[in-house]
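Look at the structure below, and keep it in view while reading. The paragraphs after it go from the protein as a whole to its strands and then to two single residues.

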Amino acid sequence: MEKTMKEVMLTEMKAIETMINEMDGKYKEVLDVLANCKGKVVFMGVGKSGHIGEKLAATFSSTGTPSFFVHSTEACHGDMGMIEERDVAVLISNSGKTKEVVQDLWGLKQIGCKTIAFTSGENSPLANECDYKLIYPKLPEADHLNLAPTVSSTLTLVLGDAIACALSKNKNFTKNDFYKFHPNGALGEQLKGE
């Protein structure tokens, strides 16, 4: 079993290397949109993509980019009311075809906010209908069935974290700023004395 674990880790590591090697300025436009957002960055998704979206919303918020998560299914049952025209909605779907995510576009267009497709499906309905695209490489998953979101969820998380950190640095976000948002726990204790 340890051999399988190592193979999975190596597969995910190589996937990250592939994404790094394919960057070549392809994320600049999305970075500019997020850096100029006057409202909040709203992550949306279901399933594993939804879990990653929740984590990214927390990371963006704690590093100086106000953000929150809206579950794509709940969005069409009233939670769309949390989103404003000045926000930027980031819709996460590995395939770009997830019905519960794509259906949110109608409501978001009525609101008038900018939309970003976060997907490996470059020519998917989600990518084609959003204002901007955040595309990561479409690669096999790491599990033996090539089904479980492993590589795809890792790439989404790594790319999202990289964007959050780039935006934070661009805003000159300081340790004191971080402490304001994170006064408790080990990190809070560490920053209290600085």
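In what follows, two residues are in contact when they have heavy atoms within 4.5 Å of each other. The model shown is a predicted one.

Begin with the whole chain. The protein contains 10 helices and 5 strands. Its C-alpha atoms fill a box of roughly 45 × 45 × 35 Å along the principal axes. For 194 residues, a compact globule would have a radius of gyration near 16 Å, and the value of 17 Å for this protein agrees with that. Of the 194 residues, 43% count as buried; a residue is buried when its relative accessible area is under 20%. The accessible surface comes to about 10,800 Å², and carbon and sulfur atoms account for 55% of it.

Contacts can also be sorted by how far apart the partners are in the sequence. Among contacts in the protein with a separation of 6 or more, 68% are between residues 24 or more positions apart. As for charge, the protein has 21 positive and 25 negative charges, and the mean positions of the two groups are 3 Å apart.

Next come the strands. Strand 1 covers residues 41-45, and because 5 of its 5 residues are buried, this strand is largely enclosed by the rest of the structure. Val-41, Phe-43 and Gly-45 point one way from strand 1, while Val-42 and Met-44 point the other way. Residues on both of these sides are buried.

What does strand 1 pair with? Strand 1 runs parallel to strand 2 and is joined to it by 5 bridges. Within this pairing, Met-44 has Val-70 of strand 2 as its bridge partner. Strand 1 is also joined to strand 3 by 4 bridges, and these two strands run parallel as well. Here Val-41 stands opposite Val-88 of strand 3.

Strand 3 spans residues 88-92 and is mostly covered, with 5 of its 5 residues buried. On one side are Val-88, Val-90 and Ile-92, on the other Ala-89 and Leu-91, and all of these are buried. Strand 3 pairs with strand 4 (residues 114-119) in the parallel sense, over 5 bridges. One position in that pairing is Leu-91, whose bridge partner in strand 4 is Ala-117.

Two single residues can now be placed against these elements. Where is Thr-65? Thr-65 lies in the loop between helix 3 (47-62) and strand 2 (67-71). Is Thr-65 buried or exposed? Its relative accessible area is 3%, so Thr-65 is buried. Leaving aside neighbours within four places in sequence, Thr-65 is in contact with Val-41, Phe-60, Leu-167 and Lys-171. Of these partners, Val-41 belongs to strand 1.

The other residue is Gly-53, which is found in helix 3. Gly-53 has a relative accessible area of 0% and is therefore buried. Which residues does Gly-53 touch, not counting those up to four places away in sequence? They are Phe-43, Phe-69 and Ile-92. Phe-43 is one of the residues of strand 1, and Ile-92 is one of those of strand 3. Gly-53 can also be set against a residue far along the chain: Gly-53 and His-182 are 129 residues apart in sequence, and their C-alpha atoms are 20 Å apart in space.

Terms used
Residues are numbered from 1 along each chain as its sequence is written. This is a predicted model: local features need pLDDT of at least 70, side-chain atom pairs count only at pLDDT 80 or more; totals for chains, interfaces and linings use all residues. Side-chain values use heavy atoms; hydrogens and water are left out. The radius of gyration is taken over C-alpha atoms; the globule rule is 2.2 Å times the number of residues to the power 0.38. Buried means under 20% relative accessible area, exposed over 50%, partly exposed in between (1.4 Å probe, protein chains only). Accessible areas come from the Shrake-Rupley method with a 1.4 Å probe; for residues, only the protein chains shown count as cover. Lys and Arg count as positive and Asp and Glu as negative; His and the chain ends are not counted. The place of a charge is taken as NZ of Lys, CZ of Arg, CG of Asp or CD of Glu. Two strands pair if DSSP finds at least two bridges between them.
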